[in-house]
Amino acid sequence: MPEGWYNIHDRVWIRLRGPQGQFAKLDKEYAYYRAAAPANREPDIDFDLNDFTPPRFPAAQTVDKKYLVGDDAIYAADRYKVAFWKVWIEGLAQGTTRVRFRGNRFSMIIVVKLFLEPLIRLKFTLAGMPMIHSSCLSDGERGFVLAASPSTGKTTTLLNWLAAGHPFVSDEYTILAADRAWGYVTPFRFHAHNLEMNPILQGLPEDAKRQIRLRTALLKASGGYADVTYNIGIRAALPQVPVSESTPWTGLFVITRADVERPVARPADREDILTKLQVINFYELRQFAHYLKAYAYVHPRGDLACFFELEREHFRRVLADRPCHEINVPAAYGKQTYEQLLELLYSLV
């Protein structure tokens, strides 16, 4: 049975196991972090894709008719769009969280976003290093963390930045510590507009370009239902771009689309910024937020019951000595917008 280990900054170790085809999909997602199995160390996340028999929990409670919650475990038979699965999660509040997941072929499209990524974020947050959905621009001496909801322009901004010869740090999430911002390297998820707006992508293989255009067309034709974005690893997409594990960081900027002609910074209260960060992150949890809430219902005094409060407190701590601004950008994002945004970022720090 295929098995792989993945080491994210020596903080979160993941072990994946499962049938070859399903394992290969997840192995590709975390290829940058492949590592040899460590000696005398249990994984922080032990994720098994093999079939399993639903457990019998002693004194379990049922929440919302479908979440079965026991002492330190949760089971559900669930679905999202056309994806169906059953999942058993043990040790959510422990050092090692064990997950047994089995679903139909469509579930493999969403398993990273709905389970693995939220679990990684949970582990880093509990360790005092909150993750924020963002890109990070680093020139080696400064790091600008751009937090934003999807389709706001953060990937386009990053690609323009990389085209100028700067290293890659992160595109999906940035892991924040008091002294440094740490990267989170996962495959790029491109859409057709990225090809049109970013010359750095012209070196992509032609098959990749066709797939990106085809899947973008399918997404639009389905009204957003068929989100089968094409994923490509950074080594394949941008082999010339160096990757930096971490960077000193200078400030955090919440990027919001607005009715403006050029990027403009808005005065923002620090607590307002914290709320916006949590809203951005909450929507990225997707289905997993329901699992946390169901667990908290049965265990109202546990650490996970106050996860969102804990996350906010860690954001408050790591942002204490950093500039934080909200920046409105125009809906039509082009090369000029990027240049204006860059000028604004440097002026604010």
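**Reading a predicted model: a tutorial dialogue**

User: How many bridges join strand E11 to strand E18, and in which sense do the two strands run?

Analyst: Strand E11, residues 143–147, is joined to strand E18, residues 251–258, by 4 bridges, and the two run parallel. Please note that the model is predicted. At the level of residues, alanine 147 has valine 254 of E18 as its bridge partner.

User: Which strand is joined to E18 by 7 bridges?

Analyst: That strand is E20, residues 324–330, which runs parallel to E18. Here arginine 257 is matched with valine 329 of E20 as its bridge partner. When reading side chains along such elements, recall that in a regular strand they alternate between the two faces of the sheet.

User: In what order do the strands of the open sheet of 9 strands stand?

Analyst: The order is E3-E1-E2-E4-E9-E8-E7-E6-E5, and the pairing is mixed. Strand E3 (34–35) and E5 each have a single partner strand, so one side of each is left without a neighbour in the sheet; these two stand at the edges. E3 pairs with E1 in the antiparallel sense, over 2 bridges. Within E3, arginine 34 is the residue that stands opposite tyrosine 6.

User: How should one read the sign of phi, and what is the value at histidine 9?

Analyst: Most residues other than glycine have a negative phi. Histidine 9, a residue other than glycine, has a positive phi near 55°. Histidine 9 lies in the loop between strand E1 (3–8) and strand E2 (12–17).

User: Where is aspartate 64 found, and what is its phi?

Analyst: Aspartate 64 is in the loop between strand E5 (61–63) and strand E6 (67–69). Its phi is likewise positive, near 55°.

User: Is histidine 9 buried or exposed, and is aspartate 64 buried or exposed?

Analyst: Residues under 20% relative accessible area are called buried and those over 50% exposed. Histidine 9 is therefore buried, at 14%, whereas aspartate 64, at 59%, counts as exposed.

User: Why is helix H8 described as largely enclosed by the rest of the structure?

Analyst: The reason lies in a count of buried residues: 8 of the 11 residues of H8 (288–298) are buried, so the helix is largely enclosed by the rest of the structure. Phe288, Ala289, Tyr291 and Leu292 are among them, as are Ala294, Tyr295, Ala296 and Val298. For reading positions along such an element, an α-helix has 3.6 residues a turn, so residues three or four places apart point the same way.

User: Which residues make the nonpolar surface patch of about 360 Å²?

Analyst: Val82, Phe106, Ile109 and Tyr225 make the patch. Of these, isoleucine 109 belongs to helix H2, residues 107–126. Isoleucine 109 has a relative accessible area of 45% and is thus partly exposed.

User: How many helices and strands does the protein chain have, and what is its radius of gyration?

Analyst: The protein chain has 10 helices and 20 strands. Its radius of gyration is 20 Å, close to the 20 Å that the globule rule gives for 349 residues, so the chain is as compact as a globular protein of that length. The C-alpha trace spans about 60 × 45 × 45 Å along its principal axes.

User: What share of the residues counts as buried, and what area does the chain expose?

Analyst: Of the 349 residues, 55% count as buried. The exposed area is about 15600 Å², with 50% of it supplied by carbon and sulfur atoms. As for contacts with a separation of 6 or more, 69% are between residues 24 or more positions apart.

Conventions. Residues numbered from 1 in each chain as written. Predicted model: local features only at pLDDT ≥ 70, side-chain atom pairs only at ≥ 80, totals over all residues. Heavy atoms only, no water. Patch = residues over 30% accessible without salt bridge, like charges linked within 9 Å, V, L, I, M, F, W, Y side chains within 5 Å. Areas by Shrake-Rupley, 256 points an atom, 1.4 Å probe, with all protein chains shown as cover. Salt bridge = Lys/Arg side-chain N within 4 Å of Asp/Glu carboxyl O. Buried < 20%, exposed > 50% of the residue type's maximum accessible area, 1.4 Å probe, protein only. Rg over C-alpha atoms; globule rule 2.2 N^0.38 Å. Contact = heavy atoms within 4.5 Å. Pairing = 2+ DSSP bridges.
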